[in-house]
Amino acid sequence: MLHVSKNHQVSPFDTESSDFHSSSGSSAQYIQMVLGFLRRQAWVLGLAGLLAVITTGLYLLVAPPSYKATATVGIDTTKFQLFQPAGELIIDTSSAVESQLEILKSEKLALEVIKKLHLADDVPSPQGGLFGSSRQPTEFEYTRQLVAVLQKHLTVKRLGIAWIIEISYESRDPEQAARFANAFADAYITDQLDSKYQATRQASTWLEGRVKETREQTLTAQRAVVEFKAKNNIVDTGGRLMSEQQLTELNSQLLTARGQTSEAKARLERVNAVVQSALSADNSNALVTDVPINETIAKLRAQLIDLTTKEREWSAKFGSDHLAVINLHNQARQVRSGMVDELRRVGEAFKSDYDLALRKEKGLETEVAQAVSQSESSSRNQVKLRELESVATSTKELYDNLNKRYLESVEQKSFPVTEARVITRAAPALEREFKTPLKIAVAVLGVGISLGFAIAFVREFTDNVFRSVGQIERKLHKDCITPVPLWKEEIDSNPARPLPTVAGERRLVRSKGPAWASIESPLSSHAEAMRSIKLSIDLNCPGKGAKVIGMTSSLPREGKSTVAASLALTIAAAGAKVMLLDFDLRNPALTRTLASQANVGFLDVISGRTPLTEAIWSDHTKYLSFLPTITNGLFVQSNEIMGAQLTKTFIDKLREEYAYIIVDLPPLAPVIDAKATTHLIDAYLFVVEWGATKVDVVEHALGRAPGISENTLGVILNKVDMDKLHKYDGETRTYYVNKHYSQYGYTH
């Protein structure tokens with residue numbers, strides 16, 4: 001065992017290395033477990049595989065010949081369709097072809113084939129016998145049976161990614177296979193034509209009703225438009241309503257009238273301004289400047305300008321007080337007064353024109369307002385009219401479209417076209433078909449091998465016995481000291497040599513068997529196992545006094561007595577004094593093996609009837625002493641003897657004389673004697689028989705004896721078949737059969 005110093009510091013690299021080795025170890029253990037399972041159940045798997053192969057071979061020999069005929073059908077999706085979808089046509093190729101495959105495999109098509117080939121015309125007679133039926137099947141029952149047979153032998157598949165379907169039929173007769181394959185292909189084409197015809201007929205019927213309905217709707221919509229126009233006095237002129245045209249003309253006239261009114265008003269205001277200016281005292285020249293001129297005013301203005309000019313000249317020449325200048329001034333004032341009068345007369349005329357223009361404008365505004373009101377009413381009627389016209393137009397278009405489709409459907413119903421066609425018709429096969437028999441053979445082989453694995457798994461998981469050292473340590477949480485090989489007499493080539501005896505000497509009976517194996521074959525693996533047990537006792541039971549070791553098991557006949565005797569002989573051969581005690585008071589098997597002629601024993605010694613020296617038997621080396629047990633019938637108070645103080649005193653006396661005391665105790669499960677020895681025994685050795693002792697029995701036995709379980713030195717796996725151990729514990733087996741170990745003389 002590797003011990004690590006407490007001062008050792010674990011680095012991260014050590015942790016990563018540990019994780020790596022842990023994962024590698026778990027993988028190796030898993031592989032080792034699988035290989036172990038295959039090794040253990042190899043004969044079961046081999047037998048199952050052999051039976052499967054034989055069954056498969058027999059089936060291939062007796063299987064009737066089978067022939068397959070194949071027809072191919074192509075699907076063209078570009079042919080005429082009654083209702084073409086709007087926009088881009090997107091076809092899911094896989095789902096479309098799968099749908100056609102399901103149609104080919106459908107019951108409907110199988111019934112069509114049966115009807116076409118007249119397969120159900122003759123119902124067979126009832127067949128008697130062990131598995132036959134005495135009742136004649138009805139036509140319906142026979143038809144159902146034919147459908148099942150046809151579908152069983154029919155194979156439909158798609159060729160690659162093409163729109164081509166392969167129809168195959170398998171039969172014992174090549175002509176029949178071709179006939180059935182072609183029948184399925186023809187039935188598929190016929191079914192496509194029938195479905196197309198039915199769809200077209202239903203569509204034509206529906207379209208005919210819709211055409212009549214839409215025609216009536218169209219006429220009704222057009223009639224509603226005409227009636228609405230007549231009711232609301234709506235008349236179109238050049239694409240426009242009359243009310244709209246009138247409103248436009250009135251607006252144009254109103255604009256013109258407003259311009260004329262503004263112009264008349266401007267002239268009137270100008271004339272009034274000139275008159276007011278002329279009447280002012282300080283504006284004597286106002287009539288001379290910008291004034292509206294007519295013929296009269298023009299003459300008066302010229303006359304006024306002439307007089308005014310003369311007045312300035314004469315005034316400058318003769319003075320303003322001159323009579324001539326005064327006359328000119330008076331004449332000019334008269335002319336100016338005449339001009340003012342004329343301007344007033346003109347202003348009256350302009351005022352009359354302005355009033356007329358204003359009245360005309362007001363009248364046009366009234367007419368425009370009335371026209372606008374009428375136009376609003378016309379607009380509302382026009383919206384309703386547009387709605388009616390739109391309904392009429394859409395209904396007319398729908399009628400035209402449906403009428404066109406109806407004519408197309410009538411044409412297609414007269415000449416139905418299908419998207420499918422037969423590309424290649426099936427022909428009788430020239431060679432037999434091996435694919436189906438091979439499939440069945442492979443299936444039989446697979447079932448046989450699977451059954452073998454199932455049986456192997458059942459055997460594996462129901463094998464609830466101890467088979468390896470690791471299993472003991474995992475299940476019992478105790479160290480397994482060593483596996484003890486199963487002793488095989490044929491390996492031992494040297495027969496037991498009887499030793500000379502002295503008359504009256506109590507010498508152990510030396511027999512040919514595992515108890516004396518360590519003496520007869522000291523270099524054998526059996527002897528090495530005994531030495532391993534002795535070493536474990538020496539390492540785990542330190543001290544100067546004698547070591548009292550109890551040997552027990554869970555059930556009888558697991559070899560604990562033989563191991564106890566062999567261990568005692570091995571210790572004695574090493575030169576240490578050892579006492580072997582047979583404490584199985586109810587079944588002293590060790591006494592019957594080593595001292596069958598003894599007539600006194602342990603009970604006689606502790607009762608004081610016989611001295612210890614007269615009851616002990618020994619081997620030829622004098623290092624081994626054996627105290628037998630002699631009972632007359634079943635001993636009822638055996639557990640009382642084990643727990644008595646007298647027995648403890650007896651063991652304490654033996655400690656003073658012997659280095660080792662090996663005590664053969666009764667098994668734990670049947671009796672309680674061994675549980676009463678905890679005050680006598682230093683350590684226990686628990687014997688488990690390889691391949692025989694149940695795991696739950698051992699767990700129960702140790703669980704009910706905590707004093708023994710806690711003080712158990714280790715477990716001994718006894719009677720190990722080393723030739724089979726590699727199937728359960730491959731690593732342990734190499735310790736004994738490996739060529740490196742064989743150099744030291746190890747045999748088993």
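**Close-up 1. Tyrosine 169 and phenylalanine 180 are both buried.** In this predicted model, the two residues form an aromatic pair, one of four that the structure holds. Their geometry is edge-to-face, with 5.0 Å centre to centre and 75° between the planes. The pair links distant parts of the chain: tyrosine 169 belongs to strand 3 and phenylalanine 180 to helix 6, 11 residues apart. Look for Phe184 here too, since Tyr169, Phe180 and Phe184 form one aromatic cluster.

**Close-up 2. Four strands make an open sheet with antiparallel pairing.** Reading across the sheet, the strand order is 2-3-1-6. Strand 2 (154–158) and strand 6 (420–424) stand at the edges, and each has a single partner strand, so one side of each is left without a neighbour in the sheet. From one strand to the next, the twist averages 30°. As a reminder, strands of a sheet pair through backbone hydrogen bonds, either parallel or antiparallel.

**Close-up 3. Strand 2 meets strand 3 (residues 164–171) over five bridges.** The two strands pair in the antiparallel sense. To find your place along them, start at arginine 158, which stands opposite isoleucine 165 in strand 3. Helix 6 (residues 174–231) lies across both of these strands, and also across strand 1 (67–75) and strand 6. Its direction is at about 20° to strand 1.

**Close-up 4. Helix 8 spans residues 295–318.** With 24 residues, helix 8 reaches 34 Å from its first C-alpha to its last, close to the 34 Å expected at 1.5 Å a residue. Its buried residues are Ile297, Leu300, Leu304, Leu307, Thr308 and Glu311. Just after the helix comes glycine 319, which takes a positive phi of about 100°.

**Close-up 5. Helix 18 (residues 645–657) has 13 residues.** From first C-alpha to last, helix 18 reaches 19 Å, close to the 18 Å expected at 1.5 Å a residue. Which of its residues are buried? They are Thr647, Phe650, Ile651 and Leu654. Seen down the axis of helix 18, these buried residues fall within an arc of 95°, so they line one face of the helix. An α-helix has 3.6 residues a turn, so residues three or four places apart point the same way. The face turned away from the buried side carries the exposed residues Gln645, Lys653 and Glu656.

**Close-up 6. The buried residues of helix 18 pack against several strands and helices.** Among these partners are strand 8 (547–553), strand 9 (578–582) and strand 12 (660–664). Helix 16 (602–606) and helix 17 (638–643) are also included.

Technical notes. Residues numbered from 1 in each chain as written. Predicted model: local features only at pLDDT ≥ 70, side-chain atom pairs only at ≥ 80, totals over all residues. Heavy atoms only, no water. Pairing = 2+ DSSP bridges. Axes fitted to C-alpha atoms, helices over the stretch in contact; angles between N-to-C directions. Contact = heavy atoms within 4.5 Å. Expected span 1.5 Å × (residues − 1). Buried < 20%, exposed > 50% of the residue type's maximum accessible area, 1.4 Å probe, protein only. Arc of directions from axis to C-beta. Phe/Tyr/Trp six-rings, centres within 6.5 Å; stacked < 30°, edge-to-face > 60°.
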